[in-house]
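I opened a notebook page for this structure and wrote down what I looked up, in the order below.

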Amino acid sequence: MDKIEFYVEPVPCSTQPIYYDGSRCIGCNRCVSVCQCDILMPAKEKGQTPVVMYPGECYYCGACVMVCPQPGAIRLEHPLMNQAKFVPVKE
Ligand code: SF4
Ligand code: SF4
C-alpha cells in the first residue's frame with residue numbers, strides 16, 4: 001500500500017494557551033493523549049515536540065501539564081481575563 005502524507009497548519013488564534021520548551025520535551029505525546037479537546041497533535045517526526053493545532057478550543061484544564069513527565073516541558077498560560085479571577089478581593 002502506498003504511504004499517504006498530509007500536512008495541516010495550526011488554526012490561527014489570538015490566544016496561545018500552551019507553550020512548549022523544546023529543550024525539555026521528549027516527545028512522548030502523553031499531553032496529546034490526555035487532552036479531551038484534541039487540541040494537540042503529535043509532531044510529524046517521532047520524539048519531537050507536539051503541535052498546538054487548535055489553541056482557541058483549550059479549556060485550560062491543565063491535564064496536559066499534569067501528565068507531563070518532564071518538568072517545564074509544557075506550560076499553560078491562562079488568558080488575562082482568567083488570571084484576573086485569581087486575585088483576592090479586598091474587603
Ligand atoms: S489545558 Fe486541557 S484542554 Fe487545554 S490543551 Fe491542555 S489538556 Fe487540552
Ligand atoms: S507530555 Fe511533556 S514530554 Fe511528553 S510530549 Fe508532552 S510536553 Fe513533551
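The entries go from the whole chain to the ligands, the core and then single residues.

**Entry 1. Status of the model.** I note at the start that this is a predicted model.

**Entry 2. Elements.** I looked up the secondary structure and found 3 helices and 4 strands in the chain. Read from the N terminus, the order is β-α-β-β-α-β-α.

**Entry 3. Overall dimensions.** I checked the radius of gyration, which is 15 Å for the chain, against near 12 Å for a compact globule of 91 residues. I then took the box along the principal axes, and the C-alpha atoms fill roughly 70 × 25 × 20 Å. On burial, 18% of the 91 residues count as buried. On contacts, I considered those with a separation of 6 or more, and 56% of them join residues 24 or more positions apart.

**Entry 4. Ligand 1.** Which residues come nearest to ligand 1? I found 15 residues around ligand 1, and Cys35, Cys58, Cys61, Ala63 and Cys64 come nearest. I sorted this shell by class and got 14 nonpolar residues, 1 polar residue and no charged ones.

**Entry 5. Ligand 2.** I repeated the lookup for ligand 2, which has 14 residues around it. The nearest of these are Cys25, Cys28, Cys31, Cys68 and Ile74. The shell around ligand 2 divides into 10 nonpolar, 3 polar and 1 charged.

**Entry 6. Nonpolar core.** I looked for the largest nonpolar core and found one of 13 residues. The residues with the most contacts inside this core are Ile18, Cys31, Leu40, Cys64 and Ile74. I compared these names with the ligand entries. Cys64 is listed among the nearest residues to ligand 1, while Cys31 and Ile74 are listed among the nearest to ligand 2.

**Entry 7. Cys31.** I followed Cys31 further and placed it in helix H1. Is Cys31 buried or exposed? Cys31 has 26 other C-beta atoms within 10 Å, so I recorded Cys31 as buried; the cut-off for that class is 20 or more. I left aside neighbours within four places in sequence and listed the contacts of Cys31 as Leu40, Pro50, Cys64, Val67, Cys68 and Ile74. Of these, Leu40, Cys64 and Ile74 also appear among the core residues with the most contacts. I also took one distance: Cys31 and Thr15 are 16 residues apart in sequence and 19 Å apart in space, C-alpha to C-alpha.

**Entry 8. Positive phi.** I searched for positive phi in residues other than glycine and noted Asp38 and Tyr60. Asp38 has a phi of about 55 degrees and lies in the loop between helix H1 (30-34) and strand S2 (40-41). I recorded Asp38 as exposed because 10 other C-beta atoms lie within 10 Å, where exposed requires 12 or fewer. Between the C-alpha atoms of Asp38 and Pro50, 12 residues apart along the chain, I read 12 Å.

Phi of Tyr60 is near 60 degrees. Tyr60 sits in the loop between strand S3 (51-52) and helix H2 (63-67). Tyr60 has 13 C-beta neighbours inside 10 Å and therefore counts as partly exposed.

**Entry 9. Tyr54.** I looked up Tyr54, which is also in the loop between S3 and H2. The count is 17 C-beta neighbours inside 10 Å, so Tyr54 goes down as partly exposed. Not counting residues up to four places away in sequence, Tyr54 touches Val11 and Ile39. The C-alpha atoms of Tyr54 and Lys3 are separated by 26 Å, with these positions 51 residues apart along the chain taken as the offset.

**Entry 10. Phe6.** Where in the chain is Phe6? I found Phe6 in the segment before strand S1 (18-20). Phe6 counts as exposed because there are 4 C-beta neighbours inside 10 Å. Phe6 and Arg24 are 18 residues apart in sequence, and I read 27 Å from C-alpha to C-alpha.

Methods:
Residues are numbered from 1 along each chain as its sequence is written. Chains are lettered from A and ligands numbered from 1 in the order in which they are written. This is a predicted model: local features need pLDDT of at least 70, side-chain atom pairs count only at pLDDT 80 or more; totals for chains, interfaces and linings use all residues. A residue is near a molecule or strand if its C-beta atom, placed from the backbone, lies within 6 Å of it. Ala, Val, Leu, Ile, Met, Phe, Trp, Tyr, Cys and Pro count as nonpolar, Asp, Glu, Lys and Arg as charged, and the others, Gly among them, as polar. Helices (H or I, at least four residues) and strands (E, at least two) are DSSP runs, numbered from the N terminus. The radius of gyration is taken over C-alpha atoms; the globule rule is 2.2 Å times the number of residues to the power 0.38. Two residues are in contact if their C-beta atoms, placed from the backbone, lie within 7 Å. A nonpolar core is a set of buried Ala, Val, Leu, Ile, Met, Phe, Trp, Tyr and Cys residues joined through C-beta atoms within 7 Å.
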